[in-house]
Amino acid sequence: MCGIIGVTGTGPVAPRLIDSLKRLEYRGYDSAGVAAVVDGRVERRRAKGKIRELEAVLAAEPLEATVGIGHTRWATHGAPTTENAHPHKAGRVTLVHNGIIENFAELKAELAAHGRTFESQTDTEVVAHLLDAELATTNDPLVAFKRVLDRLTGAYALAVLIDGEDGLILGARRGSPLVVGWGEGEMYLGSDALAVGPFTTSISYLEEGDYVALDRSGARMFDVSGAAVERPVVQVSGSSAMVEKGEYRHFMLKEIHEQPDSVQRTLSEYLDFVNGTARPTAVDFAAIDRIQVVACGTAFYAAQIGRYAFERLAGLPCDVEIASEFRYRRPAVSKGTLAVAVSQSGETADTLASLTWCKAQGLQTAALVNVHSSSMAREAAVLWPTHAGPEIGVASTKAFTAQVAALLALAVSAGVQRGRIDAAQEAELIQALFESPRLIAEAMQMDEALREVANDLSKATDVLFLGRGPMFPLAMEGALKLKEISYIHAEGYAAGELKHGPIALIDEFTPTVALAPLDDVYEKTASNLQEVAARGGPVIMIAPADAPEPHGAGIRRVDAPACHPLVAPLVHAVAIQLLAYYTAVQKGTDVDQPRNLAKSVTVE
Ligand code: F6R
């Protein structure tokens, strides 16, 4: 989750880029760089470390220019070095990028075969080379840019300068956000409203797949098909843009849409995408014989999803317990146990008390938290951060998927350390995780279909969510989301448990939402759905389009992106979140601040 700024204006650009980058440091701060057009040619200044290091470089070698781009980096591909810092340059092209280009290895091989050499280990540099190569075949930068965008797989926000194109900045987004800022005789591009906050409060949010050409007089915008489009200009408050809803009606919806970014950022903490390996962690998984997770609410469900991965991939027994029960149960613990607290806030009273108790028993402790200075972060011996960024909606969404992503990545690490998965399996699993931000972005395309389903759910008084394997805790999370923001009673069940009681609830007024990725238990889930349909219950099945049709009248399908089973909880999470969101909107409840709830539960 890197930060991006671009300015095409009339005043000195370097100080303005620096001003903006300082506001973006929260997105990443292992290196930073700027590029600006000096006498028709683009020059760069880059530095490892924080923005003040870049300022020192600029003080020694100033950039006298009025058009430029800047970047603050959170390393995904390649170590945090000056060579890997953005902007990257190839021939006439200089650009900055936020996201992951998934097919960079094959593109790099193709470019290398044509004699191109690379100075960094990043995925980004291939985009600069591709565009430079295209510019040799056409005089129209937009035509060349579109050709390049069509070749990229993955998530990106890009800002581009071209030698000889003074005043022009190209931008594009897919998966990662990008905004256009409107000024007087000046235009701006930023990774969020905060980036352009120092210069303007008039913003257009680019939509998925959009690309744009900015010059001092305005912006030409295009959608993914290449058709010219206009995106509305909205007013935001620059100083507080970080905690504003921007283009979204609610924080919850904004945070759902931030998930490709927040998951990617979290994964890059635990995985080395360049080498396709898990990064070493402070815990030696080969030296422990059990994991005990304590958590509450949504974090408890995230941990349960993690449990499937730890046991399956690492052969590591993993217990997950609600912290308010654990802390008073006087559990029997053994010395080889790693106690893990999972929490967005890091302050939840029961989780913190359970962690403290485990520590007092002499157990090794870790805290998987989103607030890195929280009490749990300080209490535990090991800090496992998630990088969801501030979550304002009381109903947790991006913090949940960040927790799931971190736990899946850690389970891969554990599997490697314990000799349960070999190098080929490790590479396959990391590739699956690597693709998950893009698939989460694709999952947003279920929006329309889910909105229609939500219209029906809003009329129900009870809803069942079903799943098997890791989809079982996700079903419980789906039920929790629906309960807490729409106030509709909902339960999540293991699909196989249905006929042991809950099937008695089924009637024509009780919808069942089934989470059914194409995994090794798909057929079993499908037959449970037939049982529901046969009893007249309306069924909504969220499954990939190529999943075989379960026989049964009334089964309504919502097509989810096909994905590796490991990342199915991340992809399907989008569906249960949007379903709850639109149901609540339909009911007119207070989505971001549902009744009786608080974001951080610091009392018992
Ligand atoms: C539900 C939700 C809560 C929290 C729970 C734990 O949407 O947000 O269930 O997950 O209160 O909070 P943290 O993760 O801060 O410990």
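**Exercise 1.** Work out how α13 and α18 run relative to each other.

*Solution.* Start with the axes, which are lines fitted to C-alpha atoms over the stretch in contact, with angles from 0 to 180 degrees between N-to-C directions. For helix α13 (residues 398–417) and helix α18 (residues 568–587), the axes come within 10 Å and cross at roughly 165 degrees. Angles over 145 degrees count as roughly antiparallel, so α13 and α18 are roughly antiparallel to each other.

A quick note on the model: it's predicted, so local features need pLDDT of at least 70 and side-chain atom pairs pLDDT 80 or more, while totals for chains, interfaces and linings use all residues. Residues are numbered from 1 along each chain as its sequence is written, and side-chain values use heavy atoms, without hydrogens and water.

Next, list who touches whom (contact means heavy atoms within 4.5 Å). Phe400, Thr401, Val404, Ala405 and Leu408 of α13 meet Pro569, Leu570, Ala573 and Gln577 of α18. Sorted by type, that contact has 7 nonpolar residues, 2 polar and no charged.

**Exercise 2.** Do the same for α8 and α14.

*Solution.* Helix α8 (residues 259–270) and helix α14 (residues 423–443) have axes that come within 8 Å and cross at roughly 170 degrees. That makes this pair roughly antiparallel too. On the α8 side, the contact uses Gln259, Pro260, Val263, Gln264 and Leu267; α14 brings Leu433, Ser436, Pro437, Ile440 and Ala441.

**Exercise 3.** Explain why cysteine 358 has no disulfide partner.

*Solution.* A disulfide needs two cysteine sulfur atoms within 2.5 Å. The closest cysteine sulfur to that of cysteine 358 belongs to cysteine 318, 13 Å away, so it's too far for a bond. Searching the whole structure turns up 0 disulfides.

Key. Helix = DSSP H or I, 4+ residues; strand = E, 2+ residues; numbered from the N terminus. Parallel < 35°, antiparallel > 145°, perpendicular 65-115°, else oblique. Nonpolar A, V, L, I, M, F, W, Y, C, P; charged D, E, K, R; others polar.
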